[in-house]
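Here are some friendly notes to read alongside the model. Please keep the structure open as you go through the points.

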Amino acid sequence: MDVIAANVAEVQTRIGEAARRSGRSAEDVRLVGVTKYVDAETTRRVFDAGCVRLGENRPQSLWEKSDALADLPIQWHMIGNLQRNKVKRTVACCGLIHSVDSVRLAKAIDDAAKELGRVAQVLVEVNVSGETAKHGFEPSELAEVIEALGDFESVEVHGLMCMAGLAGTADDARREFALLRELRDRWAVDTPSNIKLDELSMGMSGDFEVAIEEGATLVRVGSSLFANV
Ligand SMILES: *Cc1c(COP(=O)(O)O)cnc(C)c1O
């Protein structure tokens, strides 16, 4: 068996076990394979192993890979910092943008989606760790952000995204993931019609099981897929 296929299978098994431990079903949690470490041909092996959602953190790499692998029905996810001048091409090739961290960026996405004649699917990134280097809205800004994004006709918000703090312990990460879930539960009521907060994108190789126990629906896993490659 291909080593990447074995890694994908093992991560899927761990996802299923973490889901069941928390009384959820494995299908409630979807794997986004983060391919930022590898070239297009290695990325193809991740898809061939059954992982159809792939994430990149740099717009340029996302565009290049979506071109190089255009023969595959990959759903591309933009998971990193997105500058406004890179929005249009990203909206054109991306299924879900996880990293909306300003209203100005959301406005640029709305404009680009209109021009392209489509509706962009996004998540709102929240800075749950309070680390100053992290992108994302402060939890206290969410009410305002949801109201502002409610005006954008060509943007659909599907949920929230976060990264646990780099300096924290596993317990800190669990608290931060629980905070994202609480924010979702608190703000999921009475939202504008283009805003649904079903998805929680949280958890990476080091902490995806904890994230699932706290309610993650999308886990962004990279390095674990490329162990021993
Ligand atoms: C790189 C990256 C990941 C994956 O991290 P791993 O620890 O390699 O699994 C997840 N989310 C974001 C935003 C990333 O940049």
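**Notes on the fold, the cavity and the pocket**

1. T90 touches P59, L62, W63, M78, L82 and I97, leaving aside residues up to four places away in sequence; contact here means heavy atoms within 4.5 Å. T90 sits in helix α4, where helices are DSSP runs of H or I with at least four residues, strands are runs of E with at least two, and both are numbered from the N terminus. With a relative accessible area of 0%, T90 is buried. The terms are set as follows: buried is under 20% relative accessible area, exposed is over 50%, and partly exposed lies in between, using a 1.4 Å probe and protein chains only.

2. A word on the basis of these notes: this is a predicted model, in which local features need pLDDT of at least 70 and side-chain atom pairs count only at pLDDT 80 or more, while totals for chains, interfaces and linings use all residues. Residues are numbered from 1 along each chain as its sequence is written, and side-chain values use heavy atoms, with hydrogens and water left out.

3. Now to the strands around that helix. β3 (residues 75–78) pairs with β2 (residues 53–56) in the parallel sense over 4 bridges, and R53 has Q75 of β3 as its bridge partner. Pairing requires that DSSP finds at least two bridges between the strands. On its other listed pairing, β3 runs parallel to β4 (residues 96–100) over 2 bridges, with I97 of β4 as the bridge partner of M78. M78 and I97 also appear among the contacts of T90.

4. The connections deserve a look too. β2, helix α3 (residues 59–68) and β3 form a right-handed β-α-β unit, and β3, helix α4 (residues 87–93) and β4 form a right-handed one as well. Right-handed means that, with the strands pointing away from the viewer, the path from the first strand over the helix to the second runs clockwise.

5. Moving on to β5 (residues 120–125), this strand is mostly covered, with 5 of its 6 residues buried. β4 and β5 run parallel and are joined by 2 bridges; V124 in β5 is the bridge partner of V100. The route from β4 to β5 goes through helix α5 (residues 103–116), in a right-handed β-α-β crossover.

6. β5 also pairs with β6, in the parallel sense and over 6 bridges. Here V124 has L160 of β6 as its bridge partner. The chain passes from β5 through α6 to β6, and this β-α-β crossover is right-handed.

7. What lines the largest cavity? The lining is V124, L142, V145, I146, L149, V157, L160, I195 and L197, which divides into 9 nonpolar, no polar and no charged residues. (Nonpolar covers Ala, Val, Leu, Ile, Met, Phe, Trp, Tyr, Cys and Pro; charged covers Asp, Glu, Lys and Arg; the others, Gly among them, are polar.) α6 (142–149), β6 (155–161) and β7 (195–201) each supply at least two lining residues, and α6 gives the largest share, 4 residues. The volume is about 50 Å³. A cavity is a set of points on a 1 Å grid over the protein atoms alone where a 1.4 Å probe fits but cannot get out; a pocket is an open set with protein on both sides within 12 Å along at least five of seven lines; lining residues have an atom within 4 Å of a point. Grid points are joined across faces, edges and corners, and a volume is the space filled by probe spheres set on the points.

8. One cavity-lining residue, L197, lies in strand β7 and is buried at 5% relative accessible area. L197 touches I146, V157, H158, G159, L160, R184, W187 and A188, not counting residues up to four places away in sequence.

9. The largest pocket holds about 340 Å³ of space. Of its 21 lining residues, K36, N57, I79, M163 and M204 are the closest to its centre. The lining divides into 8 nonpolar, 9 polar and 4 charged residues.

10. Finally, two backbone angles to check. Most residues other than glycine have a negative phi. D190, not a glycine, has a positive phi of about 55°; D190 is in the loop between α7 (170–187) and β7 and is exposed at 81% relative accessibility. N228, also not a glycine, has a positive phi of about 65°; N228 is in the segment after β8 (218–221) and is exposed at 72%.
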